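Load the model in your viewer and keep a selection prompt ready. The stops below are meant to be taken in order.

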Amino acid sequence: MQHHISAITFLVDNYDSAIAYFTQTLNFSLTEDRDKGEGSRFVLVTPKGSATSLLLAKAKSDEDKAMIGKQAGGKVFMILHTDDFWRDHQSMCDKGVEFLETPREEAYGTVAIFKDCFGNKWDLLQPAPANLN
C-alpha cells in the first residue's frame, strides 16, 4: 500500500490575493480553482515539480481567522525545496519577501527562513548533494 500527502490546508483571508502571492511571488502554479458556491472555492496552488499542493481555505470563523499566519505557532510551517537557492532567494528578495536571517550553509543544505505574506515562517532550502561515500 502506498500513501502520500496530496494537499495541506492553508488558511487565507482572501482567495485572489493568496493566489497572486503564491503564483507571482513564490512561482507556484494554480492547479485548480473551482467555485463551490456561497463564497467558497476549492483552490490548489502547487510548487513547480511538487506532488503536494496547498489547499487555500478562506478563514470564516473567528477561530480560523486567528490562525492565519500562525499555523505552526512560532515554528517554521513549511519547507520549500529548490534546485537553485541563490536564484530563488534573489528572486524572492526582488519581490519583497522578508527573510528573517542571512542564508546559511548547514550539513543538510543551504537554507534561510522567510515569512510569507500572512506571517507564516518557511525554510527556503536547497538540499546538500547526497554523500556518495
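What follows is a walk through a predicted model, stop by stop.

**Stop 1: helix α1**

Select residues 15-25, which make up helix α1. Which residues of this helix are buried? They are Y15, A18, I19, Y21, F22 and T25. In an α-helix, residues three or four places apart point the same way, because there are 3.6 residues a turn. Colour the buried set and look down the helix axis with that spacing in mind.

Now add N14, the cap at the N-terminal end of α1. A side-chain oxygen of N14 is placed 2.9 Å from the backbone nitrogen of D16. Keep D16 displayed, as it returns at a later stop.

**Stop 2: the residue after the helix**

Move to N27, which follows α1. N27 sits in the loop between α1 and β2, the latter covering 29-37. Its phi is near 65 degrees, a positive value in a residue that is not glycine. Most residues other than glycine have a negative phi. N27 counts as partly exposed because its relative accessible area is 43%, a value between the 20% and 50% cut-offs.

**Stop 3: the loop between β2 and β3**

Select E38 in the loop between β2 and β3. Here too phi is positive, at about 55 degrees, and the residue is not a glycine. Is E38 buried or exposed? E38 is exposed, because its relative accessibility is 84% and the cut-off for exposed is over 50%.

**Stop 4: strand β3 and T46**

Show residues 40-46, strand β3, and pick T46 within it. T46 has a relative accessible area of 9%, so it is classed as buried. Display the side chains of T46 and T31: a polar contact of 2.4 Å joins them.

**Stop 5: salt bridges**

How many salt bridges does a search of the whole structure find? It finds seven. Three pairs are worth displaying in turn.

- R41 and D33: their side chains form a salt bridge with an N to O distance of 2.7 Å. D33 is partly exposed, at 37% relative accessibility. Bring back D16 here, since D16, D33 and R41 are linked in a network of salt bridges.
- D83 and R87: the closest N and O atoms of this salt bridge are 2.8 Å apart. D83 is exposed, with a relative accessible area of 59%, whereas R87 is partly exposed, at 43%.
- R104 and E106: the side chains meet in a salt bridge, 2.8 Å from N to O. R104 is partly exposed at 26% relative accessibility, and E106 is partly exposed with a relative accessible area of 33%.

**Stop 6: a charged patch**

Switch to a surface representation and select K36, K58, K60 and K65. These lysines gather in a patch of positive charge on the surface. To place one of them, go to strand β4, residues 53-58, where K58 is found. Why does K58 count as partly exposed? The reason is its relative accessible area of 35%, which falls between the limits of 20% for buried and 50% for exposed.

**Selections to keep**

For a saved session, three groups cover much of the route: the buried residues of α1, the network of D16, D33 and R41, and the positive patch of K36, K58, K60 and K65.

Methods. Residues are numbered from 1 along each chain as its sequence is written. This is a predicted model: local features need pLDDT of at least 70, side-chain atom pairs count only at pLDDT 80 or more; totals for chains, interfaces and linings use all residues. Side-chain values use heavy atoms; hydrogens and water are left out. Patches are made of residues with over 30% relative accessible area and no salt bridge: like charges are joined within 9 Å, nonpolar side chains (Val, Leu, Ile, Met, Phe, Trp, Tyr) within 5 Å. Accessible areas come from the Shrake-Rupley method with a 1.4 Å probe; for residues, only the protein chains shown count as cover. A salt bridge is a side-chain nitrogen of Lys or Arg within 4 Å of a carboxyl oxygen of Asp or Glu. Lys and Arg count as positive and Asp and Glu as negative; His and the chain ends are not counted. The place of a charge is taken as NZ of Lys, CZ of Arg, CG of Asp or CD of Glu. Helices (H or I, at least four residues) and strands (E, at least two) are DSSP runs, numbered from the N terminus. Buried means under 20% relative accessible area, exposed over 50%, partly exposed in between (1.4 Å probe, protein chains only). A polar contact is a pair of N or O atoms within 3.5 Å; within protein, one must be able to donate a hydrogen and the other to accept it, and residues adjacent in sequence count only if both atoms are side-chain atoms.
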